Amino acid sequence: MSTQHLPEHPDFLWRNPEPKSSYDAVIVGGGGHGLATAYFLAKNHGMTNIAVLEKGWLAGGNMARNTTIIRSNYLWDESAAIYEHALKLWEILPEELEYDFLFSQRGVMNLAHTLGDVRESIRRVGANKLNGVDAEWLDPQQVKELCPILNIRDNIRYPVMGATYQPRAGIAKHDHVAWAFARKCDEMGVDIIQNCEVTGFLKDGDRVVGVKTSRGTINTEKVGLCAAGHSSVLAEMAGFQLPIQSHPLQALVSELHEPVHPTVVMSNHVHVYVSQAHKGELVMGAGVDSYNGYGQRGSFHVIEQQMAAAVELFPIFARAHVLRTWGGIVDTTLDASPIVGLTPVENMFVNCGWGTGGFKGTPAAGLTFAHTIATGAPHALNKPFSLERFETGALIDEHGAAAVAH
Amino acid sequence: MLLIPCPNCGPRDETEFHYGGQAHVPYPENPNELSDTEWSRYLFYRENPKGVFAERWVHSTGCRQWFNMLRDTVSYDIQAVYPMGVPRPAAPLPAAAVTGTASTGPASTTPLSTTAPEGATK
């Protein structure tokens, strides 16, 4: 458990400029992915005449709603590569951005509760090691040593039969991550424009040449879509369809507690994931609601099930009070992997489909998407995550394999 | 939480149902003639509207029958339920204008009440 103090707010974060009439590139969506994309466009590709458009306030969407877990213990090579690259960036970004966002590498455990879980988990540990991702298999006693409040007795419905463990995984303070990126973007001349909703696109034939917004029309040579949850709505405006379904995902936090939960615990089988925030709240999440929705709220029964699972695994949580629940909209794909790359519209690029796990991928999404926007071609790391894979059949099927259900 | 009006059993809690995604997605008539692009459209592309959506549900712990439903994906108002195989009812009123009465569909459309999302907060 970290006892670090929260970082001080710098005196100056970012300007609130009026939108200019034209930019070299426009990023739609001022969440973590949009800001990271703008950061790497400026830093790695020298593109500073760019704007990030946000319909609400900066990082007020899913960036402010997620459970902040960062890990790279994915099964398939393509996923391990991009998430591990993200993890390596997380490790250096606080220094690079000159802003400590409390990246805490307290480790993530993924529990196994059935023989099938055990076998899948040990397989994933092997796959992780082959991909250079740190991974260990823990027996129940080792699980207990790492997280003493976990109930490892065998008289519960789904006893803990072991866990995979990634020591380098952890959590970060999502607000500060966004502010850190935004501040650096602003320093490099990027215009971050809030309260600016995209209402349409200007096209010249098959090529995008501008963005229509609630604050006027902006001409641009390139457009990057980074609007998790609403990507398919934007794509529709631009005249193409995405293989995306939007679902509500909700999470909750408890009141503040003394440090009791020293790591991150996830369980796919009983489906709950828990960590303790730096301030002391227990942060918990579970799965998406089954139906499509944009309502930014979730179903009670999902919370009920995740709380039942949490209380069985952590009996001392039984007397904790829920402080707040909230819902965000995630865009899911059929293979539970993101789409980062080109679109049928020339000079328009899309970064979406991260489902329930977009936060952890933020730096790598930004880096690879910036490369794609700047060069017009995918980066080696996002090439497999193209829209084409739904035609070629080269899916990256992380459903059930990625250590948590989507 | 949705209160779903099963056409056979009446209004029941969402937990009794399973979701089946978009309704009215016909199996290709000549599957052997489909290109990779057409297969990908059939397999992976579904509508994802911010608004009224025609979708399938099955009353898993009740009558175990599938049925279609028109639901607003923003307000979660349920505007119509109707049997499998019946065409989508005519465009319903905007969500705000529907106050728990029937949609203006064909005779087979079942009138129903709207949902009452409980304690939903942001």
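Guide: Accessible areas come from the Shrake-Rupley method with a 1.4 Å probe, and with that idea in hand we can begin to read this predicted model.

Visitor: How much area does chain B expose, and what share of it do carbon and sulfur atoms supply?

Guide: Chain B exposes about 6,300 Å², and 53% of that area is supplied by carbon and sulfur atoms. As for what lies inside, buried residues account for 39% of the 122 residues in chain B.

Visitor: Which pattern does chain B follow along the sequence?

Guide: Chain B has one helix and six strands, and reading along the sequence gives the pattern β-β-β-α-β-β-β. If we take the contacts in chain B between residues at least 6 apart in sequence, 45% of them join residues at least 24 apart.

Visitor: Let us turn to the interface. How many residues does each chain bring to the contact?

Guide: Chain A gives 30 residues to the contact and chain B gives 29 residues, and between them the two chains bury about 2,700 Å², with 52% of it on carbon and sulfur atoms.

Visitor: How many salt bridges and how many polar contacts should I look for there?

Guide: A salt bridge needs a side-chain nitrogen of Lys or Arg within 4 Å of a carboxyl oxygen of Asp or Glu, and between chain A and chain B the count of such bridges is zero. Polar contacts, by contrast, are found in 18 residue pairs across this interface, both residues being at pLDDT 80 or more. On the side of chain A that touches chain B, the elements giving two or more residues are α6 (231-238), β12 (245-256), α7 (300-313) and α9 (389-392) of chain A, and the largest share, three residues, comes from β12(A). The residues of that side divide into 12 nonpolar, 14 polar and four charged.

Visitor: Where, then, can I study a salt bridge, and what does the pair tie together?

Guide: The whole structure holds 16 salt bridges over all chains. In one of them A:D186 pairs with A:R15, the closest N and O atoms being 3.0 Å apart. Because A:D186 lies in helix α5 (residues 174-187) of chain A and A:R15 in the segment before β1 (22-28) of chain A, the pair ties together parts that are 171 residues apart in sequence.

Visitor: Is A:D186 buried or exposed?

Guide: Buried means under 20% relative accessible area, and so A:D186, at 5%, counts as buried, whereas A:R15, at 32%, is partly exposed.

Visitor: Which residues are linked in a network of salt bridges?

Guide: That network links A:E84, A:K88, A:E91, A:D134 and A:R168; within it, A:D134 forms a salt bridge with A:R168, their closest N and O atoms being 2.9 Å apart.

Methods:
Residues are numbered from 1 along each chain as its sequence is written. Chains are lettered from A and ligands numbered from 1 in the order in which they are written. This is a predicted model: local features need pLDDT of at least 70, side-chain atom pairs count only at pLDDT 80 or more; totals for chains, interfaces and linings use all residues. Side-chain values use heavy atoms; hydrogens and water are left out. Contact means heavy atoms within 4.5 Å. Buried area is the accessible area (1.4 Å probe) that two parts lose on being put together, summed over both. A polar contact is a pair of N or O atoms within 3.5 Å; within protein, one must be able to donate a hydrogen and the other to accept it, and residues adjacent in sequence count only if both atoms are side-chain atoms. Helices (H or I, at least four residues) and strands (E, at least two) are DSSP runs, numbered from the N terminus. Ala, Val, Leu, Ile, Met, Phe, Trp, Tyr, Cys and Pro count as nonpolar, Asp, Glu, Lys and Arg as charged, and the others, Gly among them, as polar. Buried means under 20% relative accessible area, exposed over 50%, partly exposed in between (1.4 Å probe, protein chains only).
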